[in-house]
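Biologist: I'd like to learn how to read a fold from its coordinates. Can we go through one together, feature by feature?

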Amino acid sequence: MNTSTSTSSSASKDSICIIEISAGKNKGVNPLGKSTRRHIFSSLQSALSNPAVTAIVLTGGYKSKHFSAGADIAEFGKSDSNVGGDEEVPSGTSICNAIEQSTKPVVCAIRGVALGGGFEIVLSSHYRVANKSS
């Protein structure tokens, strides 16, 4: 399960799926734009359907200082239609529901800020770990 996109990546370490939130040019704050939400949701679905994966970790990108500052303000006032791709754009609520209903433990590894939708993802996870600066 080694997939990646230009905005986010996921990888499997033994039986743990690690999903990184790393949002393009705004890597510093990792906003939850359409492509990032698509990636998180599809990575969750892949991990949940893979019997080799026993746990899932969501974290900010390796080079990022933050987990996620929430919504992408560049998308405010724009339609949540399928602009920018053929796939349906999952809402933050859909992502949180998938995490809450997961039969596999989902852990959020938090560094820096987790605000708005990013904080909602953190709250929907089963476990949370954070460094002192969070």
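Biologist: Let's start in the middle. Is S5 largely enclosed or left open by the rest of the structure, and why?

Modeller: Keep in mind that this is a predicted model. To judge a strand, look at how many of its residues are buried, meaning under 20% relative accessible area. In S5, four of the five residues are buried, so the strand is largely enclosed by the rest of the structure.

Biologist: And which strands does S5 pair with?

Modeller: S4 pairs with S5 in the parallel sense over four bridges, and another four bridges join S5 to S6 (residues 127–130), also parallel. If you want to find the registers, Ile56 has Val106 of S5 as its bridge partner, and Ala109 stands opposite Val129 in S6.

Biologist: What lies on the other side of S4, in terms of pairing with S3?

Modeller: S3 and S4 pair in the parallel sense over six bridges. Ile56 turns up again here, as the bridge partner of Cys17.

Biologist: How should I read the two faces of a strand?

Modeller: In a regular strand the side chains alternate between the two faces of the sheet. Take S3, residues 16–21: Cys17, Ile19 and Ile21 make up the covered face, while Ile16, Ile18 and Glu20 are on the uncovered one.

Biologist: Zooming out, in what order do the elements of the protein chain run?

Modeller: Starting at the N terminus, the order is β-β-β-α-β-α-β-α-β. That gives three helices and six strands. For a feel of how the chain folds back on itself, take the contacts between residues at least 6 apart in sequence: 68% of them join residues at least 24 apart. Buried residues account for 39% of the 134 residues.

Biologist: Now helices. Which residues of H2 are buried, and how are they arranged around the axis?

Modeller: The general idea first: an α-helix has 3.6 residues a turn, so residues three or four places apart point the same way. In H2 the buried ones are Ile95, Cys96, Ala98 and Ile99. Looking down the axis of H2, they fall within an arc of 160 degrees, so they line one face of the helix. The cover over them includes H1, S4, S5 and H3.

Biologist: H3 is on that list. Which of the residues in H3 are buried, and what do they pack against?

Modeller: Gly118, Ile121, Val122 and Ser124 are the buried ones in H3. They pack against S4, H2, S5 and S6.

Biologist: Can you show me where H2 and H3 meet, residue by residue?

Modeller: Try Cys96, which sits in H2 and is buried at 8% relative accessible area. Leaving out neighbours within four places in sequence, its contacts are Glu120, Ile121 and Ser124. Cys96 and Glu120 are 24 residues apart in sequence, yet their C-alpha atoms are 7.1 Å apart. Cys96 and Ser124 are 28 residues apart in sequence, with 5.6 Å from C-alpha to C-alpha. Ser124 belongs to H3 and counts as buried at 5% relative accessibility. Again skipping residues up to four places away, Ser124 touches Cys96, Ile99 and Glu100.

Biologist: What about the nonpolar core: how many residues are in the largest one, and which have the most contacts inside it?

Modeller: It has 21 residues, and those with the most contacts inside it are Leu44, Ile56, Leu58, Phe67 and Ile121. S3, H1, S4, H2, S5 (106–110) and H3 (116–124) each give two or more residues to this core. The largest share, four residues, comes from H2. Ile121 is worth displaying: beyond four places in sequence, it touches Leu32, Leu58, Phe67, Ile95, Cys96, Ile99 and Cys108.

Biologist: Last one, on charges. How many salt bridges does the structure hold, and which side chains meet there?

Modeller: Just one salt bridge, between Arg37 and Glu75, at 3.9 Å from N to O. Arg37 lies in H1 (residues 34–49) and Glu75 in the loop between S4 (55–60) and H2 (92–100), so the pair ties together parts that are 38 residues apart in sequence. Arg37 counts as buried at 10% relative accessibility, whereas Glu75, at 23%, counts as partly exposed.

How values were computed
Residues numbered from 1 in each chain as written. Predicted model: local features only at pLDDT ≥ 70, side-chain atom pairs only at ≥ 80, totals over all residues. Heavy atoms only, no water. Salt bridge = Lys/Arg side-chain N within 4 Å of Asp/Glu carboxyl O. Buried < 20%, exposed > 50% of the residue type's maximum accessible area, 1.4 Å probe, protein only. Pairing = 2+ DSSP bridges. Contact = heavy atoms within 4.5 Å. Core = buried A, V, L, I, M, F, W, Y, C linked by side-chain atoms within 4.5 Å. Arc of directions from axis to C-beta.
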